[in-house]
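Visitor: I should like a close look at a single part of this structure, namely its salt bridges and what surrounds them. Please set out the charged pairs one by one, and then place them in the wider fold.

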Amino acid sequence: MISRTARISRGFKLQLKLDIIHCRASLVSLPILVPPQRAAQLPSQLRYLHQSLLRLNTTTTATSSTASPNKLTQEQLDILNQERATDQVDVCIIGGGPAGLATAIKLKQLDNEHGSGEKRVIVLEKAGDFGSHIVSGAVIEPQAFRELFPDATGADGNDENIPLPEDMVTLVTEDNMKYLTSNSSFPLIEPPQLHNKGKNYIVSLNNVVKYLSEQAEELGVELYPGISVSEVLYNDAKDTVIGVATQDMGIDKSGAPKDSFEKGMEFHARMTVFAEGCHGSLSKQLINHFKLRENSDPQTYGLGIKEVWEVSPEKFKKGYVGHSLGFPLTKESAAYGGGFIYHFGEGLVAVGLVIGLDYKNPYISPYQEFQKMKTHPYYKDTLEGGKCISYAARALNEGGYQSIPKLYFPGGILVGCSAGFLNVPKIKGTHTAVKSGILAAESIYNRIRDQEEVEEEQTEEEMEDLDEEEQFFKEITTNPIVLSEYEEAFRSSWAYDELYRVRNVRPSFNTPLGVLGGLAHAGLTTMVTQGKEPWTLHTKHTDSAATELASAHKPIAYPKPDNEITFDILTSVSRTGTYHDEDEQCHLRVPKQDLDAHAKLNWEKYQGVEQKFCPAGVYEYVENDKKELGVEFKINSQNCIHCKTCDIKVPSQDINWTVPEGGDGPKYYMT
């Protein structure tokens, strides 16, 4: 085992190195309005504000950006190919959302209470601050939080409530569900899964995540925000995960190292936990590499789009939760999905639309459907006279029980939305994500403890004269932890039972019976059989494969924004605080970064589906007579808000979402 002194020294050196990376990156990425020597001295909030304001006055299009090695000098190649620094930890967690932080918190709780308190648990998060990339509705259930903090009291001192700060949660006081036509609405009977009154809480999930990160740090978890993880590390046989590597920093668009270049680091771990959220860039690689979905359905997804408003006091109903079906997802815009409106905090309203990404019509724009939804009196009456203060969007898992992959593989596991534990009828996944983190932590702690006991009994001869680091590396490469007990624990949990009971709700909308048939079947399974029906429906296709040719549909004419209730897409993106260094490689990859080849695969068949499904204006087709197709495909990667929709929905499946430099992306507020 690695000694306590060595662990503390490594942790200190790692933090120092990461601080240096952040400082050097800040010096070169800030607009020239701030002198470089003063840039790193700005508070983080001002840096983001300054960068975002400058972006509003500039437009940079990411096109082909991969440099050929032949165009780089030998000196540049030597810089790029230098050896990575390496750190060894007990548990490395990729992603600082609810599942990742719950795993970290529970691990350190167990270590501090039953162990030495010296196990190194680290969390690597690509956002500049914990919570900055988090978006959800969100109405959350308290059960998993009570299990995570069993000794804490609730928001109002009551042990039966949720153990989060009182100013962070709003108890639901009223439930409402409507079916909307273009101008009218009709009440619907709520399924049991949407009964929230008096027991569940409206929150800003990114604020909850910030709070969880503070709790983790107090317990001794090492937190490293602003660190993008770009590579999974394997042993020589490629059958075991031994850790991860972080993204290189300071590479320009041509692929050459800048003066600020910093080589990424390697983290070797006894157990690597992938908690990246929905459709994570590493998780999707692992699912393919280890064939984790071999015995499950393809994952299907939705896109959630959300705004936060400050509304007039006379229109604010604290604790109100409303959901809607029907308009605008009818007729030519027919798709699975619905709207929501939640009143929380002090005068704040969250309003949003979730649309299934298995829609057929390539002319549908989820962003425009959301804007259109707000014009309905059910939503407009509340928003009118108010002010939109925040915007966000994120893909979410909808496959449920049938699409859960195998959760473990040698050296690693999937937790939370990396696996896909969203309960679609409830429109909730935070509680199941946190539960998966708790179960993962318990399994990891017990296995590492047992493994360390075996190591301590080894003789000097068995250690083969290896030093501590060499012995650690040998152990994780030749005798990896295969955490099958984590999956067994999850399958025995209330979270798994909950997903099983509603397994037939989402796929019922993909039957020949259509939307009405789906509603009838969903009503049967949620209110009558309650999951005991002797059949299980399955999803056979991916969302990208569900997209039909544009020739089978007519273009949809969306109304122009009024800039009071509805907004153009760039105005909305400006409310996300999104920033990417304009002189870095495009993180939205197509083969050989050949944008013309991508256009040939998609334009004539789907007539610009990319610029319609993207909720941030990243993709566009621009008229260009010099191009064979008469249009030019462009990627405005600086607009990307990391929703992952492109990677999921593009019919040609040739867009690969990869991580940009650490700290890039949105800076969400109250989402």
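**Salt bridges and their setting**

Guide: In this predicted model, lysine 426 forms a salt bridge with glutamate 141, and the closest N and O atoms are 2.7 Å apart. Lysine 426 belongs to the loop between strand E20 (412–414) and helix H11 (430–456), while glutamate 141 belongs to the loop between strand E3 (139–140) and helix H6 (143–148), so the pair ties together parts that are 285 residues apart in sequence. Lysine 426 is buried, with a relative accessible area of 13%. Glutamate 141 also counts as buried, at 13% relative accessibility. The cut-off behind this wording is a relative accessible area under 20%.

A second pair is formed by glutamate 398 and arginine 506, whose side chains meet in a salt bridge at 2.7 Å, N to O. Glutamate 398 is found in the loop between E18 and strand E19 (408–409), and arginine 506 in the loop between helix H14 (494–501) and helix H15 (514–529), so this pair ties together parts that are 108 residues apart in sequence. Both glutamate 398 and arginine 506 are buried.

The third pair lies within one helix. Arginine 491 and glutamate 487 meet through their side chains in a salt bridge of 3.4 Å, N to O. Both residues lie in helix H13 (residues 484–491), four residues apart, which is about one turn of the helix. An α-helix has 3.6 residues a turn, so residues three or four places apart point the same way. The two partners can be told apart by their exposure: arginine 491 is partly exposed, with a relative accessible area of 39%, whereas glutamate 487 is buried, with a relative accessible area of 12%.

Salt bridges also join into a network, which links Lys108, Asp111, Lys119 and Glu452. For the model as a whole, the count comes to 25 salt bridges. In general terms, side chains of opposite charge can pair when their charged atoms come close.

The second pair leads on to a sheet, since glutamate 398 lies in the loop between E18 and strand E19. This open sheet has seven strands in the order E6-E5-E15-E16-E17-E14-E18, with mixed pairing. Strand E6 (185–187) and strand E18 (387–397) stand at the edges with a single partner strand each, so one side of each is left without a neighbour in the sheet. On average, neighbouring strands of this sheet are turned by 20° against each other, direction ignored. Helix H9 (residues 366–373) packs on the sheet and touches strand E14 (301–310), strand E16 (337–344), strand E17 (348–356) and E18. The direction of H9 makes about 135° with that of E17. H9 is mostly covered, with seven of its eight residues buried; among them are the charged residues Glu369 and Lys372, as well as Tyr367 and Phe370.

Elsewhere in the sheet, strand E5 (residues 174–180) and strand E15 (residues 320–326) run parallel and are joined by seven bridges. In this pairing, lysine 178 stands opposite serine 324 in E15.

A hairpin is formed by E11 and E12, with five residues between them, and glycine 255 in its turn has a positive phi of about 95°. Strand E11 (residues 249–251) pairs with E12 in the antiparallel sense over two bridges, and isoleucine 251 has proline 257 in E12 as its bridge partner. Strand E12 (residues 257–262) is mostly covered, with five of its six residues buried.

The surface also offers a nonpolar counterpart to the charged pairs: Ile189, Leu524, Met527, Val528 and Trp535 make a nonpolar patch of about 480 Å². Tryptophan 535 is placed in the loop between H15 and helix H16 (543–546) and is partly exposed, with a relative accessible area of 34%.

These parts belong to a protein with 20 helices and 24 strands. Of its 671 residues, 60% are buried. Among contacts between residues at least 6 apart in sequence, 78% join residues at least 24 apart. The accessible surface comes to about 27900 Å², and 50% of it belongs to carbon and sulfur atoms.

Note on methods:
Residues are numbered from 1 along each chain as its sequence is written. This is a predicted model: local features need pLDDT of at least 70, side-chain atom pairs count only at pLDDT 80 or more; totals for chains, interfaces and linings use all residues. Side-chain values use heavy atoms; hydrogens and water are left out. Two strands pair if DSSP finds at least two bridges between them. Axes are lines fitted to C-alpha atoms, for helices over the stretch in contact, and angles run from 0 to 180 degrees between N-to-C directions. Contact means heavy atoms within 4.5 Å. A salt bridge is a side-chain nitrogen of Lys or Arg within 4 Å of a carboxyl oxygen of Asp or Glu. Buried means under 20% relative accessible area, exposed over 50%, partly exposed in between (1.4 Å probe, protein chains only). Patches are made of residues with over 30% relative accessible area and no salt bridge: like charges are joined within 9 Å, nonpolar side chains (Val, Leu, Ile, Met, Phe, Trp, Tyr) within 5 Å. Accessible areas come from the Shrake-Rupley method with a 1.4 Å probe; for residues, only the protein chains shown count as cover.
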